[in-house]
Amino acid sequence: MIHDSIIRPQLVTGDKTLHDVTTEICRPIENKPTTSWKVGFTLAAIFLGILALTLTITMLFGIGTWGLNKTVQWGWDITNFVFWVGIGHAGTLISAILLLFRQKWRMSINRSAEAMTIFAVMCAAIFPLFHMGRLWVGMYWALPLPNAFGSLWLNFHSPLLWDVFAISTYFSVSLVFWYLGLIPDIATVRDRATTAGRKFWYNFFSMGWTGSVRTWNRYEVVSLVLAGISTPLVLSVHTIVSMDFATSVVPGWHTTIFPPYFVAGAIFSGFGMVLTLLVIARKVMNYQDFITIGHLEAMCKVVMLTGTMVGLAYITEFFVAAYSGVEYEQYAFINRATGPYWWAYWSMMTCNLIAPQVFWFKWARTTPWFIFMLSIVVNVGMWFERFVIIVTSLHREYLPSGWVMYSPTIVEIGIFLGTFGLFFTCFFLFSKFLPVINMSEVKSILKNRE
Amino acid sequence: MLDKNLLLDRNKTVMFGIFENPDKFLETVAKVNAKGAKIIDCYSPFPIHGIEKAMGLKRSLLPVGAFICGCIGFSLAISMEYYMMVYDWPMIIGNKPQIGVSWVPVIFELSVLCTAFGIAILFFIRNRMIHGKLPAQRVDLRQTDDRMVIAIATDNDIVNKGELSGMLYNGGAVEVKERTNHGYEDFEDVVIGQANKVEA
Amino acid sequence: MANKQLYWKGEEELLRTKEFLAAQKNEFNEALPLDEVFAENETLGLSSNRRDFLKFFGFSVAAVSLAACNKTPVRNVIPYLVKPEEITPGVANYYNSTCGICSVGCGINVKTREGRPIKIDGNYHSPVSKGALCATGQASVLSLYDTERLAGPARPNKDSKEKFDILEWSKIDAEVTKKLTEIQAAGGKIAIVTPTIHSPSSLSVINDFKTKYTNTVHVTQDAVSYSGILQANRDSFGKQVVPTYRFEKAMVVVSFGADYLGTWLSSTEYTNGWAAARKVEGNNKMSRTIQFESNLSLSGTNADYRFPMKSSQEAIYVTALYNALAQKAGVAQLPMVQTGELAGGAIKQSADALWNEKGSSLVISGSNDPKIQTVINGINILLTNYGTTIDLDNHSNQYKGIDAEFAQFTTDLSNGAYQGVIFWNTNPVYNSASSAAIAAGIKKTKLSVSFATTADETALECQYIATDNHYLESWGDSEPLAGSYHFMQPTITPVFDTRQAQESLLVWAGVVVDKSKDPFTNKEILNQNKDVDMYYLYMRNLWAAMGIVGDEAFNKVLHDGVHIMPSKATTVPAFSVALNSIVADLEKTIGKKDAMDLILYQNISVKDGALNNNPWVQEMPDPMSKVTWDNYVSLPKAFAMSQGIENGDTVNVTVGNNTLKDMPVYIQPGQSNMTAGIALGYGRKGKLGQKGLFESIGQNAFPFVSTQNGTQNLVINGVKIVKSEAKYVLAQTQTHHSIEGRDLVRETTFDKYHKDPTAGNNKPAPHLYTLWETKEYKKEGAPNHHWAMAIDLNSCTGCGSCVVSCSIENNVPVVGREEVRRRREMHWIRIDRYFTFENRNNVDYTKELFLSRDYEGKNITKETGLEAVDKLEAKNKDAQFLHWENVKVVHQPMMCQHCGQAPCETVCPVLATTHSSEGINQMTYNRCIGTKYCANNCPYKVRRFNWFRYNDNDKFDFHFNNDLGKMVINPDVTVRTRGVMEKCSMCVQSIQSAKIKAKRERKQLGGNDVKTACQRSCPAGAIVFGDVNDPNSEIAKLFKNERSYRVLEELNTQTAVKYLTKVRNVEETTA
């Protein structure tokens, strides 16, 4: 039914038959794990251990084990939170928005992108939870539950509360979206299953899928609707995250440009991370035919675009600060660029604004190893962006008497590294037990039909 | 899924045509449908666009359900915020009015949440999908891999079986089966004939 | 905890009798009625019936109740000495008494809860404290509950110097009396060494002791002495007294290194007077203060003009001032080889200012040199200040120590001239330069007794420690100012088995107060036959003799805490010194100008080190450097640059053969070039060191103290300061010192203010847009309050008394040096201090200053000066930093501003911080989940987070985490747990109790009826709290005051705290 596909380059190369697709994508699930998988997984698990350790320390002794002080009361914790949430955006974005735009090239990457979303949001959630002084009560006091305070409800003026709703909604909706997409493929694995265990579990999760056209029909409708609501959702989430800062009075936070700027940044960092993962994945699991250079190139273009948007935002901020005539605002931005944290600011600028510009060159867009390097640069840059926004704004505020410096402790660093452990552990498990590429969708775009 | 047509009714017979080429499959389905034969259902490993037309299916009403769920979420959020901020225990918070734009984010999020979960649940209900359910009406293990199946009710004399099977073969079916129901989950499939692959 | 054994459930436990130990093994100490129950059971056989059930039931009830009786919380139940009129649990009682920490003797008001003193404020009856109290005095309440106090009379352990054997009083009395009589028989000399004592009864006790032991001498030693003033006044006027200075009358104050707002003499009293003289409302005059000094002192930061001076050359400038005035007065000038002038014509300027205010001016000097003080007297005579601003007739008794006498005693002691020595409330082994000699001397005596309450350095050398009471456990009287008597009454019975020193002396002197002959009717008091009654009666007898007869009268003076005699008429004394005769001695005092000066000083918090082991004192930031928990060498930038020294480095400080190794450095803006400062009072051992009892905080600088013209000298010329390898980070609460030109502190000059009261405060009001109308805290009918606070920057000296007061009132945790280094101090109120360097007259400052430095005794022209400057700049690069010694300072108290439109409230997800209907921004501690967002969103950065569990945490055991120390906790205020935010509550507990009081008295709560802790403690009355809804309240008036403004008003936070513009009394040209 692909009528437009004669001129365009093929989205899936190597003249696959439907059966080839199935076998190749199911291979990792049905075969024993490869050594590279084992090595990677162990490594990730070790970092996961570090996460457990550092979080335990924090809980035992208190947030005092972090480098925060009376002036900078958010440091690496919220930096990492925003960082991970940002990464978490690409998934839903790719599957939802690109679906609405009928971008067929998304089909071979959206599964892993969505998985990445879910894992990233899990990592992100750790920080707002554990940065609370009293996690043990905060976990449920932040929800609208009746309580023994008579009962004292919640403050719907607070952006933090918006966060609670936004993040949890985003997480659960992404999960539903992802799972729905998985069902047909799980059914495929089920029907190929040879071992009892696999038979049972994949049958359990496939929910009796048979591939009836009637179901497919509704399925298409549902995914369309979900895509429809996920699109504003994905935009709203980072908008709300940005409001944590935008609604405050802190010079450098108190900016109306934040919502669009944060969303652009989120897409930017999200695609960065997707690139990092896929460049590895396609090599390790040799999916070169499914995740083609074409896919990478398309994503590189997005990265370049959003990177430039973010860069524009940085410059606009400066202009607005200067134009506002508010001395505190002006100082905040001068201090960013020239103050004690200048290095953070300039590494942000280089990584996010300047570096992506190389994607104007086709070679850069089409050379996997180079893309990989650059995707790392992008991730680093986006981390620095959050650090710059949070720490350099806080450490020198209105009253000079309170000006301080902030540096993280080993515990904070441990937690950050640990979240990478969590992320990759999940990702490795996913790549072992679930089809990394959406088979049914890929099948629908095969070109080996006369 | 229309289990009963396919499985439950005693002494119904169903003819299956099993295809490997989506395009031929689609054409055949269209032909059969045009002939007036009662197509019970078709099965394919991936969504084949246009087949619902070929089968003459109606558009799903799920979006309506989704909308209703959304409205529920919307009103839920508003009533919750009103109860908590205004009715039950109003407080002075930064001298802001209790009712304000600051309600919007939560309203939005709750609406989206309810819509998403609502439509997902409705979808499962409508399809009678549940965790661990055995897809009894699976005709061919490869129908989720690379084969398409058409199921036609043959217990009426709109089209006689011979003509039908012929149609399927010419349509490019790799296999045609006939099934007789004896009761739920109790049936026998009779392979009418194997076509030597058209493509081969 | 180490002090567990201090609490016993009864004698048995204390004495650990066999019975007790045996009983402890049982579940129930008392025997339980088991046997009856079971015996009866046997008779009935095992068939149990209803009656059995009842029996068993009864038994179990009995058992439970017995078990309940068994654990009685004896720990903090302390019986009353004299039963107060009413004790209602939960209601505080207040007693007026007198502070016993230093010999200034401020009248205090002690707040007790359930018999525990928990807060000390000033007694407004007292002419010394005038209702306020210094930080050190307030903190002293914790030393009452100090676990380092000796639990009874003790004797240093033979084997280990750090241990003590607690004795019985009877035993120690017997031994001491025996030795005393032997000494008396052998005609040996006995010395009683005390700081200045102005207590009539104590003095008479000493006299009684003398009559018994005839060879007894009473030696007075003041750790930081004012011998110079005493001797100068003896020479000049024949009165060996410290005069009373009336700062409220002084329109011009010129001070040479006297920190009269900080630690000089009776600073609380002076601050009060100073503030009065600087009130601008409705006055067409305002006092002008001029300060010449080396270290940046509190007085210096608040002076209208501050001129850096090299203290070792003070004589030059004092004489120069004398001559300048002599010229005006037409008297002979002093023939000095060196005379001088400071930068910007400082001396001339001061002379003019003083002469204009002839008769209502005041010149003082911090020098302890009698000769310099004599010249000062001469100056004040020229200015006819005696009888107006200086009162010799109603003089002060606060300091009487003559250094020569103490020096004599020291030599005699070390020569073994004394057989017996008694140290009372003094610690010369620590706080005198000749500590080694004294320590050796003590060993030579037959009897050496110390009355120390803790095992201080001197006590460790003595044979006996007849442990004294804490002053809050003691009776007493005092006469700090001639004619105004202060009374001391116990607010708690002795926590330990201690006895008042006077009591001990009376016992040893064998004095018996005949109770039958007492002039009082109140037998009830006599019936409690306690030892302490003896001195109590002794004192009452004395007072009866002085005219306070009968309980009525005595209770009144106890109630007021003071008894003021009509003051004498002031006279102008005759000045009887030929100043020419002392010129030679003056010349001797002048130090070399190219040699570094070391100025030893007392800082605001630790003072002479008596309370060195008090955490509140240690954590209180120094007003100038904001350093806590350490003393340090404050160096001028220029010198530091030339030596390549930076903050964080350490130096070795050497004078003669004394060296302090690795002293941390703080480069102090305002420190005069070629001078350095070190605070006294540090380097004492104590638990606060955190690493066991014997780690000290800071280093002891007393060994540096020298003698000059026969008096203690704290200005040492020619100190060697060498950079050392070690690094040390000082724990500072503020590390950024420039205000960055922000409109936070508004200033004006008096002339401008006089023309236009809104001067300095007439910036165009910012356009404040708001989406909704601001709340009015008024409802029809109900008496609605709107609590608010005003802070007069013109009165605030930045002394930090409020910081400590707030900490005590609100149980603010002490977090220790390490946490302060991490910038996590918890103070609810802090004092922001900003420096600006002033370039007076827009001249090239370095050169100007250099001219003043490089004075050659001859009039030096600009040209010669300039080439000299070039020479200097050629040989040291740091010349451009010379002007760092000229610094302008502002202090700004900063606490929660209780914003009407609070940024913190809107961002808290769980409503842990909300606004009260009375305009207070309130924290709900137990709702807080610690997101810290409120703190980030607070423009004033006044919110404090509990990073760790600071209470009940051995890591943060600063004396009130242990059972004894906890007694100081204010029961009205929650002790915050880990992970919650806290901040200033505007002492909401005081508001509540005031409301209850008003309700009980059936009257409306007035706008001035509530006083916050910071307000109560402020000696300058800079803080005013009240209800702006009450039009008659002081606060309502201040909110309408032209000087009032809000910090960061443009944020439209609608704060409930307003500041009043600072007014400097300076000439326009030099401003």
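Which residues of α1(A) are buried? Let's work through that and a few more exercises on this predicted model.

**Exercise 1. Describe helix α1 of chain A: its length, its buried residues and what covers them.**

Step 1. Start with the length. Helix α1 covers residues 18–30 of chain A, which makes 13 residues. At 1.5 Å a residue they should span 18 Å, and the end C-alpha atoms are indeed 18 Å apart, so the two values agree.

Step 2. Now pick out the buried residues. They are A:L18, A:V21, A:T22, A:I25, A:C26, A:P28 and A:I29.

Step 3. Look at what sits over them. From chain A, the cover includes α7 (159–192), α8 (196–206), α16 and α17 (439–444). Chain B joins in too, with β3 (148–153).

**Exercise 2. Do the same for helix α2 of chain A, then look at the residue that follows the helix.**

Step 1. Helix α2 runs over residues 35–61 and has 27 residues. From its first C-alpha to its last it reaches 40 Å, close to the expected 39 Å.

Step 2. The buried residues here are A:W37, A:G40, A:A44, A:L51, A:T54, A:L55 and A:T58. They pack against α5 (110–130) and α16 (410–433) of chain A.

Step 3. Go just past the end of the helix. There you find A:G62, with a positive phi near 120°.

**Exercise 3. Work out how chain A and chain C meet.**

Step 1. Count the residues in the contact: chain A gives 57 and chain C gives 57.

Step 2. Turn to area. The size of an interface is often given as the accessible area lost when the parts come together. Between chain A and chain C, about 4500 Å² is buried, and carbon and sulfur atoms give 56% of that. On the chain A side, A:K70, A:Q73 and A:L399 supply 17% of the area buried against chain C, more than any other three residues.

Step 3. Check the charged and polar pairs. There are 2 salt bridges between chain A and chain C. In one of the bridges A:K70 pairs with C:E825, with the closest N and O atoms 2.4 Å apart. You'll also find 36 residue pairs in polar contact between the two chains.

Step 4. See which elements take part. On the side of chain A that touches chain C, the elements giving two or more residues are α2, α6 (135–141), α7, α9 (213–246) and α12 (327–338).

**Exercise 4. Compare where two salt bridges of chain B sit.**

Step 1. Take B:D41 and A:R214, whose closest N and O atoms are 3.8 Å apart. B:D41 lies in strand β2 (residues 38–43) of chain B and A:R214 in helix α9 of chain A, so this pair joins two chains. B:D41 and A:R214 are both buried.

Step 2. Next, take B:E20 and B:R147, with a closest N to O distance of 3.3 Å. B:E20 is in the loop between β1 (13–19) and α2 (22–35), while B:R147 is in the loop between α5 (104–126) and β3, so the pair ties together parts of chain B that are 127 residues apart in sequence. B:E20 and B:R147 are buried as well.

**Exercise 5. Is C:N946 buried or exposed, and what surrounds it?**

Step 1. Locate the residue. C:N946 lies in the loop between β39 (944–945) and β40 (981–982) of chain C.

Step 2. Use the cut-off: a residue is buried when its relative accessible area is under 20%. C:N946 has 1% relative accessibility, so it counts as buried.

Step 3. List some neighbours. Leaving out residues up to four places away in sequence, C:N946 touches several residues, including C:P813, C:M826, C:R976 and C:E982. A polar atom of the C:N946 side chain lies 2.8 Å from the backbone oxygen of C:V980.

**Exercise 6. Sum up chain C as a whole.**

Step 1. Chain C holds 34 helices and 44 strands.

Step 2. Of the 1071 residues in chain C, 63% are buried. The accessible surface of the chain comes to about 39900 Å², with 55% belonging to carbon and sulfur atoms.

Step 3. Finish with the contacts. Among those between residues at least 6 apart in sequence, 74% join residues at least 24 apart.

Note on methods
Residues numbered from 1 in each chain as written. Chains lettered and ligands numbered in written order. Predicted model: local features only at pLDDT ≥ 70, side-chain atom pairs only at ≥ 80, totals over all residues. Heavy atoms only, no water. Helix = DSSP H or I, 4+ residues; strand = E, 2+ residues; numbered from the N terminus. Expected span 1.5 Å × (residues − 1). Buried < 20%, exposed > 50% of the residue type's maximum accessible area, 1.4 Å probe, protein only. Contact = heavy atoms within 4.5 Å. Polar contact = N/O pair within 3.5 Å; in protein donor to acceptor, adjacent residues only side chain to side chain. Areas by Shrake-Rupley, 256 points an atom, 1.4 Å probe, with all protein chains shown as cover. Buried area = accessible area lost by both parts, 1.4 Å probe. Salt bridge = Lys/Arg side-chain N within 4 Å of Asp/Glu carboxyl O.
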